[in-house]
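Reader: I should be grateful for a close examination of the enclosed space in this model, set in the context of what surrounds it. Please state the criteria behind each term as it arises.

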Amino acid sequence: MSEEKIIICRCEDITLEEVREAIKNGFTTIEEIKRILRTGMGPCQGKSCGLLIAREISQITGTPIEEIELQNIRPPYGGILFKEILNNVGDKIEK
Amino acid sequence: MDNIENVELIVVGGGPAGLSAALAASDYGIKVVLAEEREFLGGQLIKQTHRFFGSEKEYAGTRGIDILKRLIEDVKNREDIKILASSRVLGIYEDNVVTILNNNKMKKYIPQAIILATGASEKFLAFENNDLPGVFGAGAVQTLMNVYGVLPAKKILMVGSGNIGLIVSYQLLQAGVSVAAVIEAAPKIGGYSVHASKLKRLGIPILTSHTIKKAVGNKKVEGAIICELDNNWQEIKDTEEFIECDAICLSVGLTPLIDLLKQRKVKTVYVSELGGYIPLRDENMETSIMNLFVAGDVSGIEEATAAMIEGQISGLTVAKRINKNQKEEIQRKIEEAKKELVLLRSGPVGEKIRKGLSKIGLNHGENYDESILKEEFDISYLMKTGVPSKENLESKFPKDKKIFDKGPIAISECFQKFPCDPCVKSCPFNAISENGNINNIPYVDFEKCTGCRICVSKCPGLAMFVVHKNYTETSSLITMPYEFLPRPKKGELVNVYDRDGKIICEGKVIKILDSSFQDKTAAVSVEVPKEHFLEARNFKVRYLKHE
């Protein structure tokens, strides 16, 4: 099995090899791995990679998967243009 | 601020759960804002061209796309429901403000209650070259095919044998795509046996204890390497096999779409039986945040019938809280819905759900009837192969073989306990019974059965057949459900197959029932040599190749 050809995060093109390397280097939460590898920061926001990374952490560190937290999710859910935020405030700002 | 609108209830998600929640709340005068991120309502139902299981009360036997039409029509007729389509809920904040992007504007609302029915997303799988074009999720394949009418591939390898994997494989075949095989890592088929049997009869291999190692191809999928797994899910050496295909379809489970719940810091827990990280919630579907409810797959992966009932429970609970009157009536309806859910989950296939729910402290166990928790037969062979064993079949055939001589009789080839009753409800002669519990296996009372063929088109699992042994001196007439196009013509010769998908003889089409009553599941009667009357269970029109 070549880990470098197995994609874990499709949005950011992160491989299983990179994820395993990070875990071995001591980054053992989804939040930490996200910060150093950008996993879960693409358009899908971790929907493909989240569970796969949780399972890798669990297998390598021996932590039960129930004890592994998902990454934080903050508003907004999905992309938004500044124009769309300002549109609601009214004409005076648009001008 | 004056640009924040106060509303009674916001329902997020216009799928079966969200629509049912909105309807249930508006039944009691609650004003609902229903936000759906896509331009159309219906959620996953929009691609479910197959008939649903479950109880007839909750639309079983009806195709998903038709359930959807009824729900949408109902919602559109309600003045109390304001539909915001193409509207994505972007944020749920701690001060209860909900922001919705609608019509290029970010709108703000303060609702008295929120019901989140955001559904689920598909799980992804780690294997070599899993980023090659041609690796699809089953949901994507179904959307392309059933919503947009686009063929995703010519030949597909299906990974995963849950109900979605089995149903999508069948729909691919209906669309003229060939299915190389369905592979399943577990030692047994994950979905209902009737769905697997449908594929087996069409000759599709279902390989349990097999997984995908690698997608093969240069710029796109040209094949896959699969291998066999042992009891510990480890690869067995030298079992690698190349499967030629131009697409790989992943159907390896769903996981709740909890992003909006995480924003609001709802407590979540990992429960593998329910698909991954799920919100903690009580039996009225309320989460750890007061007046924030969930319904459907976002609360744990189940199926559409349960989602609709959960939607009702959450909608009614909100109505009971806001509505000043009718509290007792609403409570009675809530209790009824809960009973319905318990019934749906009470058979052996509901075991996983029950186990998952008990992990979050929702154990309705006291209501479960012990006698139906166990499978009636040993179906291990059936669940490994998709083909019923001899013993299984014997148990459903008439004990007295002379009954075959009386004329046409219905044979039910349904061997697994799961909540489904359209065959029972369809019989005008009350000849099919499940002994009072929707989870029980249906039996035909051969004395009452007239061989009318109504059940053949009504069974969502295509497991009802009508057998007329002594059609002539030398031949029998077998009536089988048929859902492919083009239809055979009267008098046409067809190839007849057994339950294993092996060709056994030639047959002649005698009669086709295919009116609006059959609702696209034709009942086709094929004359076969008499010695095959217990084996002939499928046929293929000759000029069609769906291997």
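Author: A cavity is a set of points, on a 1 Å grid over the protein atoms alone, where a 1.4 Å probe fits but cannot get out, and its lining residues have an atom within 4 Å of a point. The model is predicted, so local features need pLDDT of at least 70 and side-chain atom pairs count only at pLDDT 80 or more, while totals for chains, interfaces and linings use all residues. Residues are numbered from 1 along each chain as its sequence is written, chains are lettered from A and ligands numbered from 1 in the order in which they are written, and side-chain values use heavy atoms, with hydrogens and water left out.

The second largest cavity holds about 130 Å³ of space, a volume being the space filled by probe spheres set on grid points that are joined across faces, edges and corners. Of its 17 lining residues, Cys414(B), Cys420(B), Cys423(B), Pro442(B) and Cys459(B) lie nearest the centre. By class, this lining has twelve nonpolar, four polar and one charged residues (nonpolar: Ala, Val, Leu, Ile, Met, Phe, Trp, Tyr, Cys and Pro; charged: Asp, Glu, Lys and Arg; polar: the others, Gly among them).

In the whole structure, seven cavities of 30 Å³ or more are found. The largest has a volume of about 220 Å³, and of the 17 residues that line it, Gly46(A), Lys47(A), Leu70(A), Ile258(B) and Asp259(B) are the closest to its centre. At least two lining residues each come from helix H3 (49-61) of chain A, and from strand S16 (254-256) and helix H6 (259-263) of chain B (helices, H or I of at least four residues, and strands, E of at least two, are DSSP runs numbered from the N terminus). The lining of this largest cavity comprises eight nonpolar, six polar and three charged residues.

The contact between the chains, counted from heavy atoms within 4.5 Å, takes 33 residues from chain B and 31 residues from chain A. Together the two chains bury about 3000 Å², 60% of it on carbon and sulfur atoms, where buried area is the accessible area (1.4 Å probe) that two parts lose on being put together, summed over both. Phe124(B), Tyr270(B) and Tyr277(B) supply 23% of the area that chain B buries against chain A, more than any other three residues.

Open space must be distinguished from cavities: a pocket is an open set with protein on both sides within 12 Å along at least five of seven lines. The second largest pocket has a volume of about 570 Å³. Among its 24 lining residues, Thr49(B), Arg63(B), Gln174(B), Glu483(B) and Lys520(B) lie nearest the centre. H4(B) contributes the largest share of this lining, four residues. The lining divides into ten nonpolar, seven polar and seven charged residues.

Chain B also contains an open, antiparallel sheet of seven strands in the order S20-S23-S24-S27-S26-S25-S28, two strands being paired if DSSP finds at least two bridges between them. Strands S20 (409-412) and S28 (538-541) of chain B stand at the edges with a single partner strand each, so one side of each is left without a neighbour in the sheet. Within the sheet, S24 (residues 475-482) and S27 (residues 522-529) of chain B run antiparallel and are joined by eight bridges. In this pairing, Tyr482(B) stands opposite Ala522(B) of S27(B).
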